[in-house]
Amino acid sequence: MTPPDNNRKKTPFSRKGAAAPTAEAFDMAFQDKPRIGVVVSVTGSHALVMLDEDKPGEERSSRPQLGAIMSVDAGTSIVLGLISAMSNPAPSLDPAVPDVRIIEIELIGEFSKPTINAPARFRRGVSSYPTLGDSVHVATRDELTALFSVNGAASVRVGVVKQDAQIPATVNVDEIFSRHCAVLGTTGAGKSCAIALLLRAVLQRFPHAHIVILDPHNEYAKSFDARTVVFDPNSFTLPYWLLTFDELVEVLYPGRARDSEEVEILADLLPAAKKMNLAGSGRGGRLRTDMTAITVDTPTPYRISELLGLIDKALGGLDGARNGAPYKRLRSRIYTISQDARYAFMFGGLTVQDTLKGFLSELFRIPADGQPVSVIELGGLPADVVQVVVSVISRLAFEFGLWSKGAAPIALVCEDAHRYAPADPTEGFAPTRKSLIRIAKEGRKTGVALWIASQRPTELDPTVLSQCNTIFAMRLANQADQEALRAAVPDASTSLLSCLPSLGLGEAIAVGEGVPMPTRIRFDALPANAVPRSLTACFTDGWSVEIEDNSFIDRIVEQWRAQRMLTPDIE
């Protein structure tokens with residue numbers, strides 16, 4: 001263990017157990033820091049600083065760099081800002097004549113100077129602007145430590161600050177959940193690892209959380225150790241009677257308009273099938289007065305056989321002048337889907353029971369029983385029905401939060417969110433998009449958090465993105481995606497986004513309410529056994545050996561026809 005350095009000078013930020021320092025002591029500590037320049041222009045939220053000449057032997061780490069946090073003594077407070085641009089507008093050809101070097105700073109927030117009754121505190125925004133001639137300094141480690149620890153007990157560590165790797169980067173748990181969160185970046189930038197790291201850090205502090213991950217690439221099964229319940233196509237059961245009418249139509253007739261003949265017939269007969277099952281279950285006498293309230297969207301169990309029987313009855317009662325073809329097509333479609341092995345997770349139950357309570361308990365992990373995370377693996381489900389599954393889960397999450405008044409907050413993590421809430425309202429499945437937008441707008445009031453991950457911000461619904469008040473922007477090379485991101489973040493943070501194309505693996509620009517101030521961070525490394533499974537194919541490995549397994553193609557065809565993984569991963 002390294003012995004303490006008793007000679008090290010303690011700044012007002014590092015004093016523990018002592019009385020709050022006076023403003024005079026605070027000023028003295030500020031003046032002791034090496035100055036790097038002086039303010040020469042102030043315009044709104046920006047300031048221009050003319051740098052001093054380099055000093056002999058000056059360390060490179062003490063020089064200002066793009067994105068670094070600077071501090072300016074503004075009298076009643078210490079103003080903090082980010083370097084957004086650096087220039088040498090008129091370089092001199094004479095080595096004896098010093099260059100005029102300029103840096104531009106975006107003003108982000110300020111530390112109030114301490115008094116006898118109040119310690120120094122950080123707050124966003126600037127109430128006391130710098131004036132011409134004010135000295136500018138590189139923010140010290142003590143200032144950065146105080147800045148990034150302002151969240152207190154409600155914060156968790158997720159990485160380190162890029163400016164100083166000794167400073168832990170923390171996030172406010174309440175803010176990143178109650179006001180939603182987005183993790184954006186190009187494919188391979190580390191979005192899945194970032195989400196796994198963030199959630200693991202939260203679970204370490206709050207083990208009784210309720211988290212549902214919609215996993216389209218089957219990546220997260222092993223990312224949370226034994227704290228995960230994985231629902232794959234073989235174990236996941238979604239009763240068809242939980243579907244709303246629009247969701248059921250999407251399963252039966254993907255992309256079909258509601259005004260088609262078959263859909264109109266289904267809308268007429270579906271409430272009758274629900275009432276028949278309700279009356280036959282013994283609950284009809286108790287709820288007979290509410291029978292008229294049963295609609296096509298009421299989550300009440302019914303039997304497919306009874307629905308088919310109603311279609312047969314209606315078909316038999318038709319007179320010769322009427323066309324029975326739509327009834328026959330509807331019956332054939334319902335029967336075919338209910339017998340399709342790919343839809344067994346929805347129609348495969350031998351009996352129909354009211355399992356809503358058990359389904360909600362399993363899905364939302366209430367009680368958690370040491371497994372607070374549900375991972376819904378969507379990768380093996382039929383492509384036509386994935387949108388419906390996401391719609392049902394997001395809708396149930398919101399309704400549960402609404403009727404429980406947020407007593408058991410739920411976090412919904414949606415990977416590839418641009419698939420389910422596309423920017424173009426004519427694409428995707430409208431109920432899915434509507435459910436996610438509803439959570440984004442109103443989830444804060446009902447205790448439902450939305451986390452989204454996407455590599456294409458331009459294809460993501462702008463309403464959903466704008467409601468994510470904390471954004472972790474990882475490497476993004478596409479100019480249009482960068483512009484979409486700039487439109488979603490506060491103006492005072494846009495300069496940092498110029499670094500997006502050059503961010504390294506595991507690095508991110510963190511902006512929004514969940515972090516003390518916009519900054520560039522590097523996420524901590526995940527344990528090797530917790531890294532989400534990468535689905536990137538390695539061509540060099542695959543092309544280096546000959547496939548000699550005679551059953552290889554047989555296994556591929558079997559899984560292809562079944563539309564699900566029947567055997568272990570093919571290597």
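Is Asp416 buried or exposed? Select Asp416 to find out: at 5% relative accessibility, Asp416 counts as buried. Keep in mind as you click around that this is a predicted model.

**Stop 1: Asp416 and its backbone**

Stay on Asp416, in the loop between strand 14 (410-414) and helix 13 (417-420). Look at the backbone here: phi of Asp416 is near 50°, a positive value in a residue other than glycine. Why point that out? Most residues other than glycine have a negative phi, and most peptide bonds are trans.

**Stop 2: the loop after helix 11**

Now go to the loop between helix 11 (356-364) and strand 13 (373-377), where you will find Pro367. Select Arg365 as well, since Arg365 belongs to this loop between helix 11 and strand 13. The phi of Arg365 is also positive, near 55°, and again the residue is not glycine. Arg365 is buried, with a relative accessible area of 5%. Next, click on the peptide bond from Ile366 to Pro367: this bond is cis, with omega near 0°.

**Stop 3: zoom out**

Show the protein chain as a cartoon and you get 18 helices and 18 strands. How much of the chain is buried? Of the 571 residues in the protein chain, buried residues make up 47%. The contacts have something to show too: among those between residues at least 6 apart in sequence, 69% join residues at least 24 apart.

**Stop 4: helix 2**

Select residues 141-148, which are helix 2. Here 6 of the 8 residues are buried, so helix 2 is largely enclosed by the rest of the structure. Colour the buried ones and you will light up Asp142, Glu143, Leu144, Ala146, Leu147 and Phe148.

**Stop 5: two helices side by side**

Two packed helices are described by the angle between their axes and the distance between the axes. Try this on helix 5 (residues 245-252) and helix 12 (residues 383-404): their axes come within 9 Å and cross at roughly 165°. That makes helix 5 roughly antiparallel to helix 12, because angles over 145 degrees count that way. The crossing of helix 5 past helix 12 is left-handed.

Which residues meet here? From helix 5, show Glu247, Glu250 and Val251; from helix 12, show Val385, Val388, Ser391, Val392 and Arg395. Sorted by type, the residues of this contact come to 4 nonpolar, 1 polar and 3 charged.

**Stop 6: aromatic rings**

Time to look for rings. A search of the whole structure finds 8 aromatic pairs. One of them is Tyr240 with Tyr302: the ring centres are 5.2 Å apart and the planes stand at 75°, so the pair is edge-to-face. Tyr240 sits in the loop between strand 12 (228-231) and helix 5, and Tyr302 in the loop between helix 7 (284-287) and helix 8 (304-316), so the pair ties together parts that are 62 residues apart in sequence. Tyr240 is buried at 7% relative accessible area, and Tyr302 counts as buried at 2%.

Now jump to Phe539 and Trp543. Their ring centres are 5.2 Å apart with planes at 80°, so this pair is edge-to-face. Switch on a surface view and check how open they are: Phe539 counts as exposed at 53% relative accessibility, and Trp543 is exposed with a relative accessible area of 70%.

For your last selection, pick Phe231, Phe236 and Phe345, which form one aromatic cluster.

Technical notes
Residues are numbered from 1 along each chain as its sequence is written. This is a predicted model: local features need pLDDT of at least 70, side-chain atom pairs count only at pLDDT 80 or more; totals for chains, interfaces and linings use all residues. Side-chain values use heavy atoms; hydrogens and water are left out. Axes are lines fitted to C-alpha atoms, for helices over the stretch in contact, and angles run from 0 to 180 degrees between N-to-C directions. Helices (H or I, at least four residues) and strands (E, at least two) are DSSP runs, numbered from the N terminus. Angles under 35 degrees count as roughly parallel, over 145 as roughly antiparallel, 65 to 115 as roughly perpendicular and the rest as oblique. A crossing is left-handed if the near helix is turned anticlockwise from the far one by less than a right angle, and right-handed if clockwise. Contact means heavy atoms within 4.5 Å. Ala, Val, Leu, Ile, Met, Phe, Trp, Tyr, Cys and Pro count as nonpolar, Asp, Glu, Lys and Arg as charged, and the others, Gly among them, as polar. Rings of Phe, Tyr and Trp (its six-membered ring) pair if their centres lie within 6.5 Å; planes under 30 degrees apart count as stacked, over 60 as edge-to-face and the rest as tilted. Buried means under 20% relative accessible area, exposed over 50%, partly exposed in between (1.4 Å probe, protein chains only).
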